[in-house]
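Here are my notes on the model you sent, set out as numbered points. They follow the order in which I would check things on screen.

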Amino acid sequence: MPTRRHRTRGIAGAVLAASAIFALPSPAPAATTQEVEFTARFAKSDRHKQRGGISLRTTIRITENAAPAPAQLTNTTLRFPKGAVVNARFFPKCSPAALRARGPRACPRRSKIGSGTAIGVAPPVVTDPVNTKITLFNGTLQGRSPTIIIYAVPDLGPVMTLPGVLRSGRGTRYGYILDTEVPPIKTLPSAPDASVTFFDATTRDLTVRRRGRRIHYIDSPVLCNGTYFLLDGQFTYQQATKVDVLERFTLRGGPRCP
């Protein structure tokens, strides 16, 4: 039978062990982080005019600090500053249904408005990132609203067609609001739906002529090089979790201002 002294030491050791366990740092809670950046670049020929055409690059990065992959993205809402005008109605349009059924050959040649890349991940079954080629098309109108079609061709999985609706921000502090539904992204039959981790696409500065007038796809007031705005957007994950994001909208290619 243990002595009182041994019993006391045993109790003290148990208390110290318990203290050590509770002193260990707790695991960091899962946190999805979104970074969105817009860079608009004026056409060189317009840099000293009051208004000019712009190309628009959109870059999105999504990371997860405590899981192999972020949650599945199901919707993005991106808000653009006032001043710019999207002249989509003057350009050839591609039908999302025709694009889905027959691919890019179903679209008028000049309805292609941009391109880029994206990356998805689907662990643990798909261990390598899935690279995706992105093509942007000027879509048919939804009511009075222009649409931008994201045509995604991944290295693994089916081709996807994602129409985004570009609604007027009338009555708000925004010029336009781009709302895009993201359907489940499939890879292999045994793998979970993929999560988007990166998207980088540029809408080009395209022009058409109407009644002797040169019209840009996106027309904007020309401001000083490096001018930027901070705007907000919202990402939705798995149809439920909504996360507000802060966007940086930077203008490049304008005149150098004192």
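1. In this predicted model, K186 and D193 pair through their side chains in a salt bridge, with 2.8 Å from N to O. Neither end is fully open or fully covered: D193 is partly exposed at 24% relative accessibility, and K186 is partly exposed at 45%.

2. A network of salt bridges with shared partners takes in R79, R173 and D232. Within this network, the closest N and O atoms of R173 and D232 are 3.1 Å apart. R173 sits in the loop between β8 (160–168) and β9 (174–181), while D232 belongs to strand β14, so this pair ties together parts 59 residues apart in sequence. R173 is exposed, because its relative accessibility of 57% is over the 50% cut-off. D232, at 22%, counts as partly exposed.

3. How many salt bridges does a search of the whole structure find? The total is six. One further pair to inspect is D46 with K49, where the N to O distance is 3.2 Å. The two ends of that pair have unlike surroundings: D46 is buried, with a relative accessible area of 2%, whereas K49 is partly exposed at 45%.

4. Turning to the interior, the largest nonpolar core holds 48 residues, and the members touching the most others are F80, I134, Y217 and F235. Apart from this core there is another, made of six residues and including C94, C107, I149 and Y151. As background, nonpolar side chains in soluble globular proteins tend to be buried together.

5. Which residues does Y217 contact, once its neighbours within four places in sequence are left aside? The list runs through V85, V86, N87, A88 and F91, then I113, N138 and I148, and ends with T203 and L206. Anyone viewing the core could start from Y217, given that Y217 is among the residues that touch the most other members.

6. On the surface, Y228, L230 and L246 make a nonpolar patch of about 330 Å². Y228 lies in strand β14, which spans residues 228–237. The relative accessible area of Y228 is 42%, so this residue is partly exposed.

7. Some backbone geometry deserves a look. The peptide bond from P123 to P124 is cis, its omega being near 5°. P124 is placed in the loop between β5 (112–122) and β6 (126–142). For reference, most peptide bonds are trans, and most residues other than glycine have a negative phi.

8. Two non-glycine residues have positive phi: Q238 at about 50° and Q239 at about 65°. Q238 is located in the loop between β14 and β15 (241–252), and Q239 is found in the loop between β14 and β15 as well. Q238 is partly exposed, with a relative accessible area of 48%, whereas Q239 is exposed at 61%.

9. Last, confidence. The protein chain has a mean pLDDT of 88, and 88% of its residues reach 70 or more. Where does the pLDDT fall below 50? This is the case over residues 1–28, a stretch that has four contacts in the model beyond near neighbours in sequence.

Definitions and conventions. Residues are numbered from 1 along each chain as its sequence is written. This is a predicted model: local features need pLDDT of at least 70, side-chain atom pairs count only at pLDDT 80 or more; totals for chains, interfaces and linings use all residues. Side-chain values use heavy atoms; hydrogens and water are left out. A nonpolar core is a set of buried Ala, Val, Leu, Ile, Met, Phe, Trp, Tyr and Cys residues joined through side-chain atoms within 4.5 Å. Buried means under 20% relative accessible area, exposed over 50%, partly exposed in between (1.4 Å probe, protein chains only). Contact means heavy atoms within 4.5 Å. Patches are made of residues with over 30% relative accessible area and no salt bridge: like charges are joined within 9 Å, nonpolar side chains (Val, Leu, Ile, Met, Phe, Trp, Tyr) within 5 Å. Accessible areas come from the Shrake-Rupley method with a 1.4 Å probe; for residues, only the protein chains shown count as cover. A salt bridge is a side-chain nitrogen of Lys or Arg within 4 Å of a carboxyl oxygen of Asp or Glu. Helices (H or I, at least four residues) and strands (E, at least two) are DSSP runs, numbered from the N terminus. pLDDT is the predictor's confidence in each residue, from 0 to 100.
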